[in-house]
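Reader: I would like to learn how to read a structure of this kind, feature by feature. Could we look at it together and begin with a single residue?

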Amino acid sequence: GDPVESSHVKEKVNKFKGMNDTDSEEEEEEEEEEKPNLPQAMPLGGPLGMLGLFGGRGNMMNLFASQFPEGIETAFKNEKQEGCEVMGYLEVNRVAGQFHISPGKSLQLGGMTIQLAVQSANLNMTHHIKRLAFGESFPGAVNPLDETLRRLQHGAVHQYFLKVVPTTFLPVNGGDMSTNQFSVTESTKLAQDGQMSGGKPAGIYFSYELSPLRVNYKETRSTFTEFLTSVCAIIGGAFTISGIVHSIGTKCSAAIKKMQSPS
């Protein structure tokens, strides 16, 4: 086409020119405002620092901010000294395992699980076990941890080691019941803060393992013949005891009369 005269060409003003420095400063201020403040008691060194390498420090900080808007320290202070009641049941595989009760919170960050625990030094894990059983109860069954009270010092780790024995109960009216019995030993030690050193936070830990043996209980009822035999045995024993007592009494009476008679 025809050439364009230079007088008709106007240069548009770049309104973004000269604002790069200002924009960068505003972006930095916005990033600082968006970053949640982590409490000083949760440094990024150690386990949290390693989590920052795997999941990203920003993701971890955002996760803490969403779960604890008032701050981790405030959430775990437990200023009201509250306790808790735990009840329910667990379904586990028939292999050795462990379950524990400890205040804290589990968070998922990507494919990793973060376990946040209360400071062990101020945690009192005194507890009262109303009932603990592995399966249904049957006549004559004894659960050794029922009505167990343990008063612990602050920051204690109390461990129960349970030996679970599979048991089959066969009642008189037919059918069978598959359940378990268990024996227990226990120990107590002070908590060691720091998961990287292999220490456990304060809590109540139950470690269980299954016995390779099975115990069978069969409920039976005595026959009429066995009943008569036991009655006869009781009557015979009563006559025997009465005869011995009568013989002793006669001899003692004769000896007393002999001593009282004049020589």
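Author: Let us begin with Gln181 in this predicted model, and with the partners that lie beyond four places away in sequence: Gln181 touches Phe138, Lys163, Val164, Val165, Thr167, Val215 and Tyr217. Gln181 itself is found in strand β7, which covers residues 177-190.

Reader: Which residue has a side chain joined to that of Gln181 by a polar contact?

Author: The partner is Thr167, and the polar contact between the two side chains has a length of 3.2 Å. Thr167 also appears among the residues that Gln181 touches.

Reader: Where else in strand β7 should I look, and is Thr179 buried or exposed?

Author: Thr179 is likewise found in strand β7, and it counts as buried because its relative accessibility is 1%, where buried means under 20%. The side chain of Thr179 reaches the backbone oxygen of Glu136 at 2.6 Å. Apart from neighbours within four places in sequence, Thr179 is in contact with Phe134, Gly135, Glu136, Phe138, Val165, Pro166 and Thr167.

Reader: What does Ser187 in the strand show by way of accessibility and contacts?

Author: Ser187, found in strand β7, has a relative accessibility of 29% and therefore counts as partly exposed, the class between under 20% and over 50%. Beyond four places in sequence, Ser187 touches Val157, His158, Gln159 and Phe161. The last of these, Phe161, is 26 residues apart from Ser187 along the chain, and their C-alpha atoms are separated by 8.4 Å.

Reader: How many cavities does the model contain, and which residues line the largest cavity?

Author: The count comes to 1 cavity of 30 Å³ or more, and about 60 Å³ of space lies in the largest cavity. Its lining is made up of Arg131, Ala133, Phe134, Gly135, Glu136, Ser137, Phe138, Ala141, Val142, Asn143, Asn180 and Gln181. By residue class, the lining divides into 5 nonpolar, 5 polar and 2 charged residues. Gln181, from which we set out, is thus part of this lining as well as of strand β7.

Reader: How should I read the nonpolar core, and which residues have the most contacts inside it?

Author: One can ask for its size, for its best-connected members and for the elements that supply it. The largest nonpolar core has 19 residues, and those with the most contacts inside it are Leu145, Tyr160, Leu162 and Phe206. Strands β6 (156-170) and β8 (203-210) each supply at least two residues of this core, and β6 gives the most, with 5 residues. As for Phe206, its contacts beyond four places in sequence are Gly97, Gln98, Phe99, Ile101, Ile129, Leu132, Leu145, Tyr160 and Leu162.

Reader: What is unusual about the backbone of Glu147?

Author: Most residues other than glycine have a negative phi. Glu147, although it is not a glycine, has a positive phi of about 55°. Glu147 lies in the loop between β4 (127-129) and β5 (148-150), and at 48% relative accessibility it counts as partly exposed.

Reader: What, finally, is the secondary structure of the chain as a whole?

Author: The chain has 5 helices and 9 strands, and from the N terminus on its elements run α-α-α-α-β-β-β-β-β-β-β-β-β-α. Of its 263 residues, 21% count as buried. Among contacts with a separation of 6 or more, 70% are between residues 24 or more positions apart.

Note on methods. Residues are numbered from 1 along each chain as its sequence is written. This is a predicted model: local features need pLDDT of at least 70, side-chain atom pairs count only at pLDDT 80 or more; totals for chains, interfaces and linings use all residues. Side-chain values use heavy atoms; hydrogens and water are left out. On a 1 Å grid over the protein atoms alone, a cavity is a set of points where a 1.4 Å probe fits but cannot get out, and a pocket is an open set with protein on both sides within 12 Å along at least five of seven lines; lining residues have an atom within 4 Å of a point. Grid points are joined across faces, edges and corners, and a volume is the space filled by probe spheres set on the points. Ala, Val, Leu, Ile, Met, Phe, Trp, Tyr, Cys and Pro count as nonpolar, Asp, Glu, Lys and Arg as charged, and the others, Gly among them, as polar. Helices (H or I, at least four residues) and strands (E, at least two) are DSSP runs, numbered from the N terminus. A polar contact is a pair of N or O atoms within 3.5 Å; within protein, one must be able to donate a hydrogen and the other to accept it, and residues adjacent in sequence count only if both atoms are side-chain atoms. Contact means heavy atoms within 4.5 Å. A nonpolar core is a set of buried Ala, Val, Leu, Ile, Met, Phe, Trp, Tyr and Cys residues joined through side-chain atoms within 4.5 Å. Buried means under 20% relative accessible area, exposed over 50%, partly exposed in between (1.4 Å probe, protein chains only).
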